[in-house]
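I set out these notebook entries after looking through the model. They follow the order in which I looked things up.

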Amino acid sequence: MTKQSIIAQEMERMGLGEVQEYYYNLDRSETITHGILNGEGELSHEGAFVVNSSPFTGRSPNDKYLVQSDDPDLWFATGTESIDEAKYKVLKAKLLAKMNTQRLYIRDVLAGADPAHAMRIRIIADNAAASLAASNMFIPYEGNEPHKDPDLTMFVSNDFAADPEADGLRSPAMVVLNFEDKTVLVGLTRYAGEIKKSVFTFMNYVLPKRDILSLHCSANKSKDGDVALFFGLSGTGKTTLSSDQERALIGDDEHGWSDDGIFNFEGGCYAKTIRINPKYEPLVWEAINRFGAMLENVPLDEHHRPDFNSNEITENTRASYPLYFISNYEPTGRGGHPNHIFFLTADAFGVMPPLARLSNEQAMYYFLSGYTSKLAGTERGLGDKPQATFSTCFGAPFLPLKPSIYAELLSKRLEKHGTKVWLLNTGWAGGGFGVGERIALPLTRAMIDAVLSGSLDDVETHTHPIFNIEIPNAVEGVPDEVLNPEKSWTDFDAYKIEANGLAEKFIKNFAQYEDSVSEKVTLSGPKILKD
């Protein structure tokens, strides 16, 4: 069969046999040309394709739904709703009816750089921008024939709005995942992050059932092959800190850990760009200011120059680009078993130490806790002020299985490979948000470099009296008052009150996991410091 006949057959199978105009796997230039002619965006002075996804300038967590099934391991994170099969079928029929009247862009890609675990993904969109984002963020599919019955199919329609009352949804926007039907329905929202994270959610469902740990982390490796992972929610520094001129970038956000090592799920990056500084982030700066990159919600001036300092549209400005736009990327998307893991947190209270070494029990505690601060703009309706939050395994919205499944897989691998785990605070010091200051990026990099160089392997440490974690007594180039947050506060009593308050939140949150972990793990967490 010819490629065109296979595509036509696939369109009929998917319920899109009435579509009169569709394009399959257009190259990047063709896709951008379509986007411009469609009026979806314009080029910056250096050639990046710039789009505005308003009013959806971040993920819509309250519009995400999982279709009910008999799987006893299915887990609904806070905000994720269940939807029954009957309602799903009605929504799918309505969406396909709409898409049958539209011009469509079909893109076949892969998720998973390890060929043994790669998933065949198809994104069908009614706009070229979504297709470009998919092209940038996933692994190109170079097979001679289109996917036949892909592992996952996404139907993305910016022009489809659900009827909340009739369809039983919270709003006209929707992101509906059906693992048994191997589909995702996306309606109304133009934010490319929904495509990216829907695929991630799918991988988080499938791979752990195959004894592969799926991880919300970035990864890089040294010339000698030493691998480092950086866990964290959006805005904590995964992309920035993994982009290191001295280390090859494996990936900036999503990975799997199999018996053979680490592999990237993606073929590109989706970087936050607000106030990006070319001095401190030269690799990302070069990647986002060139033809082929897509800028999302970055304002342009009268000369079509992006204003990366502006939050006029949103604080959550983004750029998607293929990995090879990073000069020192790892072309295989793979690495060995990690030597070091960093748990990133952006502590808005300014009380957690910037660097601490964790025991394996503490690694489990802080992995399940997933503490950070949600930063403005990452999700719709968050407001301007960061909010303290606990996100299981540093990615609760994208975990469709019970948290204990991911935690047990991590524990098994840490034990087997002797991986060292560190807590790295990229948040505030000298006071909370609005009082203290964000820990300077050069200081954070100095701490990471010290860990990766091995200079902290045998360094003396002291135990934080509240957070119960081991802080290095000294790190070259890092002031003592930065390493020890209480010394950067002008009032120790005020520091103790804030730190105790955060410790109480840790303890209250972790109560939900106490029945699924050992007592030793529970006792390794923070303690309240009494007078």
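**Entry 1: Thr201**

I looked up Thr201 first in this predicted model: Thr201 is buried, because its relative accessible area is 1%, and the cut-off for buried is under 20%. I located Thr201 in helix α6, which covers residues 193-206. Setting aside neighbours within four places in sequence, I listed its contacts as Lys64, Leu177, Phe179, Pro397, Phe398 and Pro400. I also checked Thr201 against Pro479, which lies 278 residues away along the chain; I noted 40 Å between their C-alpha atoms.

**Entry 2: Cavities**

How many cavities of 30 Å³ or more are there? I noted two. The largest holds about 60 Å³ of space. I recorded its lining as Phe200, Asn204, Ser214, Leu215, His216, Phe231, Phe367, Cys393, Gly395, Phe398, Leu399 and Tyr406. The elements that contribute two or more residues to this lining are α6 and β12 (213-221). The largest share, three residues, is that of β12. By class I noted eight nonpolar residues, four polar and no charged. Phe398, listed in this lining, is also among the contacts of Thr201.

The second largest cavity has a volume of about 40 Å³. I found Val67, Ser69, Leu74, Asn178, Phe179, Glu180 and Tyr205 along its lining. Four of these residues are nonpolar, two are polar and one is charged. Phe179, listed here, is likewise in contact with Thr201.

**Entry 3: Helix α9**

I turned to α9 (residues 360-369), since Phe367 had appeared in the lining of the largest cavity. Is this helix mostly covered or mostly open? I noted it as mostly covered, with eight of its ten residues buried. The buried residues are Gln362, Ala363, Met364, Tyr365, Tyr366, Phe367, Leu368 and Ser369. Gly370 follows the helix and has a positive phi, near 55°.

**Entry 4: An open sheet**

I then traced a five-stranded open sheet, with the order β2-β3-β18-β19-β17 and mixed pairing. β2 (41-43) and β17 (268-272) are the edge strands, each paired on one side only. From one strand to the next, the twist averages 20°. I counted five bridges between β17 and β19 (residues 318-322), and these two strands run antiparallel. Within this pair, Ala271 has Ala319 in β19 as its bridge partner. Last, I noted that helix α2 (residues 28-37) lies across β2, β3 (49-51) and β19, and that the helix runs at about 120° to β2.

Terms used:
Residues are numbered from 1 along each chain as its sequence is written. This is a predicted model: local features need pLDDT of at least 70, side-chain atom pairs count only at pLDDT 80 or more; totals for chains, interfaces and linings use all residues. Side-chain values use heavy atoms; hydrogens and water are left out. Two strands pair if DSSP finds at least two bridges between them. Helices (H or I, at least four residues) and strands (E, at least two) are DSSP runs, numbered from the N terminus. Axes are lines fitted to C-alpha atoms, for helices over the stretch in contact, and angles run from 0 to 180 degrees between N-to-C directions. Contact means heavy atoms within 4.5 Å. Buried means under 20% relative accessible area, exposed over 50%, partly exposed in between (1.4 Å probe, protein chains only). On a 1 Å grid over the protein atoms alone, a cavity is a set of points where a 1.4 Å probe fits but cannot get out, and a pocket is an open set with protein on both sides within 12 Å along at least five of seven lines; lining residues have an atom within 4 Å of a point. Grid points are joined across faces, edges and corners, and a volume is the space filled by probe spheres set on the points. Ala, Val, Leu, Ile, Met, Phe, Trp, Tyr, Cys and Pro count as nonpolar, Asp, Glu, Lys and Arg as charged, and the others, Gly among them, as polar.
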